[in-house]
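Hello,

Here is the structure we spoke about passing on. My notes on the charged side chains come after it.

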Amino acid sequence: ADAEPTSAPEATSPPAPAGRASRGHLAGLDGLRALAIVAVVVFHLDPAWLPGGFLGVDVFFVISGFLITTLLVRERRDTGRVDLRGFWTRRARRLLPALLVVVPVAILIARTVEADLLVGVRRQALGALTFSTNWLEIAQGSNYFAATSPQLFMNFWSLAVEEQFYLVWPLAMIGLLWLHRRFAVTEGALATLVLGLGLTSAVLMAVTFDPAAPTVAYYGTHTHLVGLMLGAALAIVWTGPLRAYTTSRVWCTRRPWIVGAAIVTIALLLAFAAEDHAWTFRLGIPLVSVATAVLLLAAVERPGRLRSTLEPPPLTWIGQRSYGIYLWHWPGILIVAQDIP
């Protein structure tokens, strides 16, 4: 949710066919972000409206893994190094200003509306400001899906997972790119290694998931990496000569069917993968991540019906503001619901 906008100058993209906008814009991704944030907001307004809407977070994870890895690969290729200090500084400038506003403002408003909203707020504020919400809430035994005692900054768990990814992943990519250059390890082999990490994380979520206490499986950084790793693996093969296998006969001849299957998969999961189904966490999250990766690849690969569908001004407008919407929507829902249940 908090990856920088695809229209930002620093959000560089791989070499792409005609139709790619200037200044590093990756066409279609703002539309994917918009659909993801709308799904999350609808779910938080009333889970009955879109039972699997919370899977929009996993759509964000795939996009973030793809964009950040693309940026790191391009920087290494263009300059011969990865500027870690610059990378982390840009993340802080992107994330912290809005965060430093929403936390105190939401607390002040909640204090005047309903004191019950401030239960555990010190822990929540600490987690929000240090990007450790997921681990603090695991230690507390919180439940993201519990209807009672809603937390003011409950939604910040995913920001914590992403920021922890931003902290560690550049170091991992430096190692992977060193292997690529020093031992001529192919992009396909590197992507396979990264996919292995994602698969391991998905297995960990499946085996640790407990319907009565899903916090560890759902909040854990180690158990919720599949989307980020899938996006990262896709970026590795997309930025290299393999072009993510989009020149293969299978992709060229069956692209409409593959993309159509991905769209149907996402739609069905959003509609039916409810929080009270164990298969949602053991199969649904990996499936929505794979389907998102397919749509992402199809959108950035070349102009077409999918890209044009994802680029109308309303979707672009929402997608470019998805981070702010994600920050504010849940505290806003809780506060307003005190007067309008």
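What follows is a short account of the salt bridges and where their partners sit.

Please keep in mind that this is a predicted model. A search of the whole structure gives six salt bridges. Three of them are described here, including their distances.

Helix α1

Arg 33 pairs with Asp 30, with 3.2 Å between the closest N and O atoms. Both residues belong to helix α1 (residues 29-45), where they are three residues apart, about one turn of the helix. Arg 33 has a relative accessible area of 2% and is buried. Asp 30 is likewise buried, at 2% relative accessibility. Both count as buried because the cut-off for that class is under 20% relative accessible area.

Helix α2

Arg 74 forms a salt bridge with Asp 78, and their closest N and O atoms are 3.8 Å apart. The two lie four residues apart in helix α2 (residues 56-79), a separation of about one helical turn. Arg 74 counts as buried at 18% relative accessibility, whereas Asp 78 is exposed, with a relative accessible area of 52%.

Asp 78 also forms a salt bridge with Arg 77; here the closest N and O atoms are 4.0 Å apart. Arg 77 is partly exposed, its relative accessible area being 40%. Through salt bridges that share partners, Arg 74, Arg 77 and Asp 78 are joined into one network.

Regards

Terms used. Residues are numbered from 1 along each chain as its sequence is written. This is a predicted model: local features need pLDDT of at least 70, side-chain atom pairs count only at pLDDT 80 or more; totals for chains, interfaces and linings use all residues. Side-chain values use heavy atoms; hydrogens and water are left out. A salt bridge is a side-chain nitrogen of Lys or Arg within 4 Å of a carboxyl oxygen of Asp or Glu. Buried means under 20% relative accessible area, exposed over 50%, partly exposed in between (1.4 Å probe, protein chains only).
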